[in-house]
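Open the model in your viewer and keep the selection panel at hand. The tour has two stops, one in each of two chains.

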Amino acid sequence: MRIPITLLTGYLGAGKTTIINALLAQNPDRRMAVLVNDFGAVNIDASLIASRDGDTVRLTNGCVCCSIEDDLGTALDALAKSPHPPEHVLLEASGVADPQRIARHAGHWPGFELDAIVTAADCETVRERAADKFVGHLVESQIRAADIIALTKSDLVAPGDAESTTRWLHSLNDDALVTDAPHGRVELALLLGPRPGRPSPPAMPDQPHDAFRTMHWVPQHPVDTEKLSRLLSEMPRAVHRVKGFFVDARTGQMTLLQQVGRRFRFSAAPKTAAPGLVLIASGPDMDLARYHLAFESCQSTVPSERV
Amino acid sequence: MSEITVYTARKIRTMNPSMPEATAVAVRDGRIVEAGSLETLKPWLDAYPHKVDTRFEKHVLMPGFIDPHLHPSLGAILLPCHFITAMTWHLPDRVSPPVTSHEDYVARLREIETSMADPDELLLTWGYHKIWHGIVDRTVLNDISATRPIIVWQRSFHEVIANDAAIDWMKLDRAELERHPQIDLASGRFFETGLAVATKSMNPYLFAPERFGKGLELVKKAIHFGGHTTIGELAYPLINDELEWDILANTIEQDDVPFRMRLVPRGAGPGETDKAVERVNGFQSRKTHRLSFGNGVKLFSDGGFFAELMQMQPPGFIDGHHGEWMTAPERLEALARAFWNEGKQIHVHCTGDMGLELALAILEKLQFERPRFNHRFTIEHFGASTPEQARRIKDLGAIVSANVYYLHELGEAYWRQSIGYERASQMARLGTLESLGVTTALHSDFTMAPALPLNSAWVAVNRLSESGTVLAPEERISLDSAMRAITIDAAYMLGMEDEIGSIRAGKMADFTVLEADPWETAPEDLKDIPIWGTVFEGEPFPLGER
């Protein structure tokens with residue numbers, strides 16, 4: 001299986017580094033590698049650092065943080081070849097990178113695949129930046145490319161500004177989830193996706209994103225991928241991520257589904273994987289029940305007792 | 001103190017406006033004692049032992065040519081390739097004749113393939129361009145050889161095409177290649193981000209010490225061949241300082257090398273701007289006889305010109321794509337400010353008119369905050385511009401080092417396919433700079449253009465496109481300006497005008513020895529003036545047989 005890459009993009013000062021710092025402090029539930037452009041800016045809590053070797057910092061929680069020295073491909077190869085390859089990579093794009101281009105580059109590097117594009121947008125300055133004669137187009141293209149937009153510094157603006165900025169962001173990219181990222185904090189399952197096969201506990205009530213709901217669905221039967229594709233492409237915007245394994249009814253193969261926003265893909269998975277999908281959405285609980293029913297209907301043989 | 005050597009010549013074009021012509025030049029210990037005639041040199045010759053060397057009696061001497069912007073390391077990678085090019089490339093060890101049709105391209109490639117002794121050796125060729133050579137794909141290459149790996153490297157370096165043997169040679173998982181949106185296995189094309197995947201396999205071959213060393217020897221020859229005695233390496237290091245300094249010090253600092261090199265370090269790097277300043281200052285004390293760092297620093301505004309990634313002001317590109325920033329504008333400004341306040345000469349890579357606009361907007365701020373005279377803020381490349389920007393360059397005291405060859409090779413292609421006639425024909429707006437009195441140099445950015453100063457001067461004077469059309473004749477410059485741009489004004493770009501760039505008492509005894517006088521040659525023949533060789537610090541270095 002390929003290592004998923006979450007691409008973190010956003011213009012200079014949009015809060016990418018703050019998001020990375022918050023992620024590393026959150027104790028990720030998987031072995032992460034964070035690739036950053038400039039090491040100096042990432043301020044890792046000294047108590048988390050296990051060792052430091054040139055451009056690589058190992059954390060006590062098993063994560064590594066490396067700077068992309070000269071070349072992204074070289075950095076990715078080094079990760080893939082390490083004794084304990086990461087389970088997930090968070091890649092910080094340079095502030096001036098065309099996100100689509102770097103997503104193609106990283107997401108198709110041998111052994112890796114794109115998980116999602118997360119764009120950091122600074123609530124205070126993003127609209128001004130988008131009107132700038134030099135970088136306006138770039139800032140817009142970063143917003144348009146996003147699956148998830150992390151709205152930073154919303155605590156620093158007047159009430160109502162965050163809402164109007166969110167509306168403006170949606171006018172550029174209607175498909176993306178716009179989520180608040182106070183002090184750079186983005187719900188882990190949202191930023192990296194749920195761990196397939198190992199249902200993550202539902203969001204703790206004291207977490208800032210308690211508006212997010214998690215739904216687990218374990219298919220009892222093989223799934224009709226055509227029906228599933230139709231369902232996934234019609235999902236409301238409130239569904240942010242779906243990830244997990246199922247058996248493809250047509251081929252009998254264990255299959256991995258990964259969906260972020262409106263973008264989803266199927267890939268071959270090891271036979272040993274346990275069927276089970278995790279869905280992350282915002283909105284009322286009753287919607288989750290609706291999604292559950294909809295997924296059930298994608299099974300090629302609907303269990304008779306539920307008809 | 002050594003004996004004085006007097007070189008006499010049919011004519012010496014001194015590029016010193018106070019005494020533009022001479023017939024003899026006295027040299028001692030690598031420096032010029034005096035230029036003039038045997039008669040005017042008499043007080044010196046009476047006072048010291050001397051010999052008169054008449055070998056240049058039929059030749060014309062000029063100050064040693066200077067290319068203030070090229071990249072020897074890139075050249076070292078490229079020159080060992082087999083060239084098949086649409087334009088003529090004069091190289092020190094061969095001439096790559098123009099190949100302008102698909103049939104001729106395939107025939108030439110087949111000829112190279114047949115000539116190679118080892119049947120498994122990689123055939124790497126450079127210079128392919130679809131406009132001239134049509135579709136060259138995996139099938140065409142397989143037909144030339146089913147067993148030898150063949151890789152075709154496109155003219156602008158942004159694409160390679162491989163046959164099946166080469167795809168196997170890359171030792172990559174075909175399934176991984178198949179899913180890549182910018183790799184097309186059917187046609188064998190690896191482009192943009194897909195190229196990076198191919199490059200990963202090619203790098204160990206390209207940078208193998210033996211090949212790289214051979215490449216640097218060819219670069220040395222190419223620089224001599226162009227008649228240069230000084231070059232500027234305008235973004236040091238390419239990748240790795242320690243390694244590159246070691247290689248340069250070992251290959252350039254040799255008695256048989258007839259040129260010196262001024263290195264301009266990259267300004268951007270990890271960390272805060274004060275770290276960048278510290279790092280750049282750290283280079284300044286490093287010096288050998290031929291290698292030196294001056295007061296310069298290199299920054300980057302927008303993307304590459306050959307790659308069409310320059311940032312264009314509205315109306316932009318015909319196909320609607322956008323260029324890219326090499327440095328975030330705020331970061332560029334912060335770096336420029338730090339180096340400006342440090343008293344550095346800032347060189348900024350600018351290719352599109354929006355890239356230039358950014359550089360000028362920053363310079364304007366810096367001049368307001370802390371005015372400087374003689375700062376020599378240099379616009380490097382100067383692809384697309386507006387007349388109003390040219391005037392601001394003048395007003396702000398900036399200078400220009402231009403890659404005028406863009407106009408010759410890309411003028412028509414960009415006119416028809418990229419930005420339209422008006423802006424394409426006016427790229428490298430040198431006539432306007434000349435009339436404004438902006439100090440201007442010409443460079444090759446080798447390997448972007450041939451490292452041949454007379455060729456660059458020829459483009460600047462004639463503005464002929466590859467098919468022979470004159471593009472924006474109003475922007476042609478005088479021969480005087482063009483020759484200054486490869487001598488004294490190029491020295492000025494590098495901050496070395498006290499030492500080199502003209503023939504006058506006290507300067508280094510660097511000469512380019514020509515078989516004909518540029519001022520007595522038809523402008524359209526300028527590039528074809530044969531070069532006998534050079535004199536570097538008083539010592540003659542003939543080009544010899546090719």
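**Domain interface, then a strand**

In this predicted model, the rule finds two residue pairs in polar contact across the interface of domain 2 of chain B and domain 3 of chain B, both at pLDDT 80 or more. On the domain 2 side, select α2 (72-78), β7 (89-91) and α4 (130-133) of chain B: each supplies at least two residues that touch domain 3 of chain B.

Next, colour chain B by its domain assignment: domain 1 (1-64 + 502-546), domain 2 (75-206) and domain 3 (226-500). Between domains 2 and 3 of chain B, 12 residues of the former are in contact with 14 of the latter. The buried area there is about 1,100 Å², with 70% from carbon and sulfur atoms. Show B:Met87, B:Trp89 and B:Arg155, which supply 41% of the area that domain 2 of chain B buries against domain 3 of chain B. Then add B:Glu409, whose side chain forms a salt bridge with that of B:Arg155 (2.7 Å, N to O).

Now move to chain A and select β12 (residues 254-260), where seven of seven residues are buried. A:Met254, A:Leu256, A:Gln258 and A:Val260 point one way, and A:Thr255, A:Leu257 and A:Gln259 the other.

Add the strand β11 (residues 239-247) of chain A, antiparallel to β12(A) and joined to it by seven bridges. Here A:Gly244 stands opposite A:Leu257. In the turn of this hairpin, A:Gly252 has a positive phi of about 75°.

Finish with β13 (residues 263-268) of chain A, which pairs with β12(A) in the antiparallel sense over six bridges. A:Ala268 is the bridge partner of A:Thr255, and A:Gly261 in this hairpin takes a positive phi near 55°.

Methods. Residues are numbered from 1 along each chain as its sequence is written. Chains are lettered from A and ligands numbered from 1 in the order in which they are written. Side-chain values use heavy atoms; hydrogens and water are left out. Buried means under 20% relative accessible area, exposed over 50%, partly exposed in between (1.4 Å probe, protein chains only). Helices (H or I, at least four residues) and strands (E, at least two) are DSSP runs, numbered from the N terminus. Two strands pair if DSSP finds at least two bridges between them. Domain bounds come from an automatic or database domain assignment. Contact means heavy atoms within 4.5 Å. Buried area is the accessible area (1.4 Å probe) that two parts lose on being put together, summed over both. A salt bridge is a side-chain nitrogen of Lys or Arg within 4 Å of a carboxyl oxygen of Asp or Glu. A polar contact is a pair of N or O atoms within 3.5 Å; within protein, one must be able to donate a hydrogen and the other to accept it, and residues adjacent in sequence count only if both atoms are side-chain atoms.
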